[in-house]
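Here are my notes after going through this one. Have the structure open while you read, and tell me where you disagree.

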Amino acid sequence: MNPQCSRCNKIVYPTEKVNCLDKYWHKGCFSCEVCKMTLNMKNYKGFDKKPYCSQHYPKTSFTSVADTPENLRLMQQSKVQSQVLYKEEFEKNKGKGFSAVADTPEMQRIKKTQDQISNIKYHEEFEKSRMGGEAHPFDNNAGKAYQPSSPQKGNYEPQPPRSAAAPPASGGGKRYRAVYDYVAADEDEVSFADGDVILDVQQIDEGWMFGRVERTGQQGMLPANYVEAI
């Protein structure tokens with residue numbers, strides 16, 4: 001049985017039938033809903049199962065939202081929440097201006113090199129101060145004579161201690177004078193005061209010596225940058 005035309009509701013015969021938009025049309029009835037211009041399968045635009053020409057095709061528009069008191073309240077609440085979150089993030093990140101640096105072997109090597117350069121510069125400045133007859137540097141914070149940090153000790157087996165009353169061996173070995181006070185930090189070290197004479201001095205490594213304090217008769221390891229040869 002032949003279907004009816006969706007426009008005129010008359011019978012549509014196969015020779016004039018147009019099947020489109022899930023409906024059947026006469027070729028002359030397949031026209032724009034607005035201007036009634038006859039359309040075909042190439043130039044029609046379908047909307048809500050109705051044919052339109054490109055000029056009268058319905059445009060999609062956004063729904064406007066009225067500024068009701070409720071919408072204004074929600075908008076203000078959103079702004080307040082955003083400000084609260086911003087302040088929380090700011091407080092968490094306060095004081096974290098420096099980026100974290102991974103402690104990689106390369107970074108450890110660079111740090112060690114920088115420490116060595118600083119130590120070399122300190123010794124150069126110290127030697128220049130001594131040779132120029134300048135006073136020893138002072139610590140501005142403490143207001144007292146500056147004392148260099150003692151170097152790292154190596155493994156050393158000292159000779160058997162001598163008695164305090166025993167005279168030094170003939171020849172006496174090397175003699176040094178203390179230029180700073182030093183308090184022994186380990187059992188194998190010896191304490192001395194600025195101006196003390198150190199006898200029988202033996203060089204252990206670049207940073208440490210072994211000797212006997214003439215004033216006290218005690219002997220042990222001492223930092224090499226606290227004494228000078230006499």
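1. Let's start with the loop between β1 and β2 (23–26), where Asp22 sits. Asp22 has a positive phi near 60° despite being a residue other than glycine. Most residues other than glycine have a negative phi. Asp22 also counts as exposed, at 67% relative accessibility. Bear in mind throughout that this is a predicted model.

2. Asn9 has a similar entry in my notes. Asn9 is not a glycine, yet its phi is positive, about 65°. You'll find Asn9 in the segment before β1, and with a relative accessible area of 51% Asn9 is exposed.

3. Asn2 belongs to the segment before β1 (17–20) as well. What does Asn2 touch once its neighbours within four places in sequence are left aside? The contacts are Ile11, Val12, Tyr13 and Pro14. Asn2 is partly exposed, at 30% relative accessibility. Its C-alpha atom is 9.9 Å from that of Tyr24, a residue 22 places away along the chain.

4. On confidence: the chain has a mean pLDDT of 79, and 74% of its residues reach 70 or more. Two stretches deserve caution. Over residues 134–144, pLDDT stays under 50, and the model has 12 contacts there beyond four places in sequence. Residues 159–171 also stay under 50, with 14 such contacts. I'd leave the specifics of both alone, because predicted coordinates should not be read in detail where pLDDT is low.

5. Now for β7 and its partners. Strand β6 (residues 197–203) runs antiparallel to β7, and 4 bridges join the two. The hairpin between β6 and β7 goes through 4 residues. One bridge to look at pairs Gln203 with Met209 in β7.

6. The pairing of β7 with strand β8 (residues 219–223) is antiparallel too, this time with 5 bridges. Gly211 stands opposite Gly220 of β8. The hairpin of β7 and β8 has 5 residues between the strands, and Gly217 in this hairpin takes a positive phi near 80°.

7. Is β7 enclosed or open? All the evidence I'd use is burial: 6 of the 6 residues of strand β7 (residues 208–213) are buried, so the strand is largely enclosed by the rest of the structure.

8. Which residues touch the most other members of the largest nonpolar core? In this core of 19 residues, they are Tyr176, Phe192, Ile198, Met209, Leu222 and Val227. The elements giving two or more residues to the core are β5 (174–178), β6, β7 and β8. Of these, β7 gives the most, with 4 residues.

9. Leu222 is worth a closer look. Not counting residues up to four places away in sequence, Leu222 touches Val190, Phe192, Ile198, Gly207, Trp208, Met209, Phe210, Gly211 and Val227. There is also a second, separate core of 9 residues, including Val18, Cys20, Leu21 and Leu39.

10. Last, Gln202, which is found in strand β6. Gln202 is partly exposed, with a relative accessible area of 27%. Its C-alpha atom and that of Met221 are separated by 9.3 Å, and the two residues are 19 apart along the chain.

Technical notes:
Residues are numbered from 1 along each chain as its sequence is written. This is a predicted model: local features need pLDDT of at least 70, side-chain atom pairs count only at pLDDT 80 or more; totals for chains, interfaces and linings use all residues. Side-chain values use heavy atoms; hydrogens and water are left out. Buried means under 20% relative accessible area, exposed over 50%, partly exposed in between (1.4 Å probe, protein chains only). Two strands pair if DSSP finds at least two bridges between them. A nonpolar core is a set of buried Ala, Val, Leu, Ile, Met, Phe, Trp, Tyr and Cys residues joined through side-chain atoms within 4.5 Å. Contact means heavy atoms within 4.5 Å. pLDDT is the predictor's confidence in each residue, from 0 to 100.
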